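Please open the model in your viewer and keep the sequence panel beside it. The tour below goes from one selection to the next and says what is to be found at each stop.

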Amino acid sequence: TSVYLTCDGFGLLIDPSADFRLQALRYRLPRIDAVIVSHAHADHVFGMDELRQYNRLQENSTINIYARDFTIKSLSQIFSYIVNFKPAPNDQMYRPQLSFCTLPAEPYKIGPFTIESLILPHGPAKSTGLKISAHGKTFAIASDCNELTPEAMELFKGVDFLLLDGLRDRSHPSHLNIESSVTLMNKLQPKIGRFIHIGHDIPHNVLEARYPNNYGPAYDGMRVILGKES
């Protein structure tokens with residue numbers, strides 16, 4: 001899952017997923033000013049190298065990558081040629097120009113967005129949950145987790161739009177299942193709630209029929225406008 005947020009002309013990407021290039025072309029993403037990485041599993045970061053094209057489109061400006069320290073540590077192993085790159089004289093290699101920044105625990109400003117992050121259990125691993133605010137509107141995402149901590153329940157309560165992990169009907173050691181995801185949405189009461197990271201076990205039209213109201217499945221290319229009147 002990748003998510004693209006834009007406000008006041010600033011483009012913020014959450015997780016350059018493995019098919020990020022196809023997504024960027026299909027949905028005509030105009031610019032990427034910053035990226036937040038929730039965790040360093042392949043399906044969330046293997047599009048990282050494709051960001052180089054946005055360097056070129058944006059006059060070779062460096063793009064900041066924000067993540068918690070455990071994620072940056074993993075990214076430095078997966079993408080050592082980017083994270084630990086030290087250019088040699090006359091180097092002509094075409095690498096993404098990225099600056100890796102540790103996302104703090106306290107609220108942090110990225111462009112027009114205020115970011116609040118917390119660490120969530122993702123089976124034996126960890127992931128980062130996010131609440132993002134701008135102009136009085138709130139968006140939250142926890143795409144990979146097997147539970148919401150009490151801190152996350154408090155942070156996500158009553159947001160305008162919530163994306164929450166919901167892998168499948170059966171239980172999974174690293175992900176929320178669909179029933180658990182919808183149950184949490186009913187407790188959190190976002191204005192709009194969608195479960196994401198959906199597996200292939202169930203046809204999408206079956207899920208849409210099962211959950212016809214606000215708390216149901218997301219879909220590729222879904223767009224939500226959080227404005228004064230929408």
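Begin by selecting helix α4, residues 69–78, in which Phe70, Thr71, Ile72, Leu75 and Ser76 are buried; buried here means under 20% relative accessible area, exposed means over 50%, and partly exposed lies in between, with a 1.4 Å probe and protein chains only. Helices (H or I, at least four residues) and strands (E, at least two) are DSSP runs numbered from the N terminus. Now display what surrounds this helix: the cover over the buried residues of α4 includes α2 (42–45), β4, α5 (80–83), β5 (98–102), β7 (113–122) and β8 (125–134), where contact means heavy atoms within 4.5 Å.

Before going further, note that this is a predicted model, in which local features need pLDDT of at least 70 and side-chain atom pairs count only at pLDDT 80 or more, while totals for chains, interfaces and linings use all residues. Residues are numbered from 1 along each chain as its sequence is written, and side-chain values use heavy atoms, with hydrogens and water left out.

From α4, move to strand β4, one of the elements that cover the helix, and select tyrosine 66 together with tyrosine 108. Their rings form a tilted aromatic pair, 5.7 Å centre to centre with 55° between the planes; rings of Phe, Tyr and Trp (its six-membered ring) pair if their centres lie within 6.5 Å, and planes under 30 degrees apart count as stacked, over 60 as edge-to-face and the rest as tilted. Because tyrosine 66 lies in strand β4 (residues 63–67) and tyrosine 108 in strand β6 (residues 108–110), the pair ties together parts that are 42 residues apart in sequence. Tyrosine 66 counts as buried at 7% relative accessibility, whereas tyrosine 108, at 31%, counts as partly exposed.

Next, select phenylalanine 195 and tyrosine 211, whose ring centres are 5.5 Å apart and whose planes stand at 80°, so the pair is edge-to-face. This pair links distant parts of the chain, 16 residues apart, with phenylalanine 195 in strand β11 (residues 192–196) and tyrosine 211 in the loop between α8 (204–210) and β12 (215–217). Both phenylalanine 195 and tyrosine 211 are buried.

Keep phenylalanine 195 on screen and add alanine 218, which is placed in the segment after β12. Alanine 218 is buried, with a relative accessible area of 11%. Leaving aside neighbours within four places in sequence, alanine 218 is in contact with Leu163, Arg194, Phe195, Ile196, Ile198 and His204. A distance drawn between the C-alpha atoms of alanine 218 and alanine 140, which are 78 residues apart along the chain, comes to 14 Å.

Which residues does leucine 148 touch, not counting those up to four places away in sequence? Select leucine 148 in the loop between β9 (137–142) and α6 (150–156), and show Leu120, Ala142, Met153, Phe156, Leu164, Leu184 and Leu188, which are the residues it touches under that condition. At 11% relative accessibility, leucine 148 counts as buried.

Turn then to strand β2 (residues 10–14) and select leucine 13, which counts as buried at 1% relative accessibility. With neighbours within four places in sequence left aside, leucine 13 is in contact with Ser2, Val3, Phe20, Ile32, Ala34, Val35, Ile36 and Leu51. The C-alpha atoms of leucine 13 and phenylalanine 156 are 143 residues apart along the chain and are separated by 20 Å.

Two loop residues come next. Glutamate 59, in the loop between α3 (52–57) and β4, has phi near 55°, a positive value in a residue other than glycine, and is exposed with a relative accessible area of 74%. Glutamine 189, in the loop between α7 (178–188) and β11, has phi near 55° as well, a positive value in a residue other than glycine.

Finally, zoom out to the chain, which has 8 helices and 12 strands. The radius of gyration, taken over C-alpha atoms, is 18 Å, close to the 17 Å that the globule rule gives for 230 residues, so the chain is as compact as a globular protein of that length; the globule rule is 2.2 Å times the number of residues to the power 0.38. The C-alpha trace spans about 60 × 40 × 35 Å along its principal axes, and 50% of the 230 residues count as buried.
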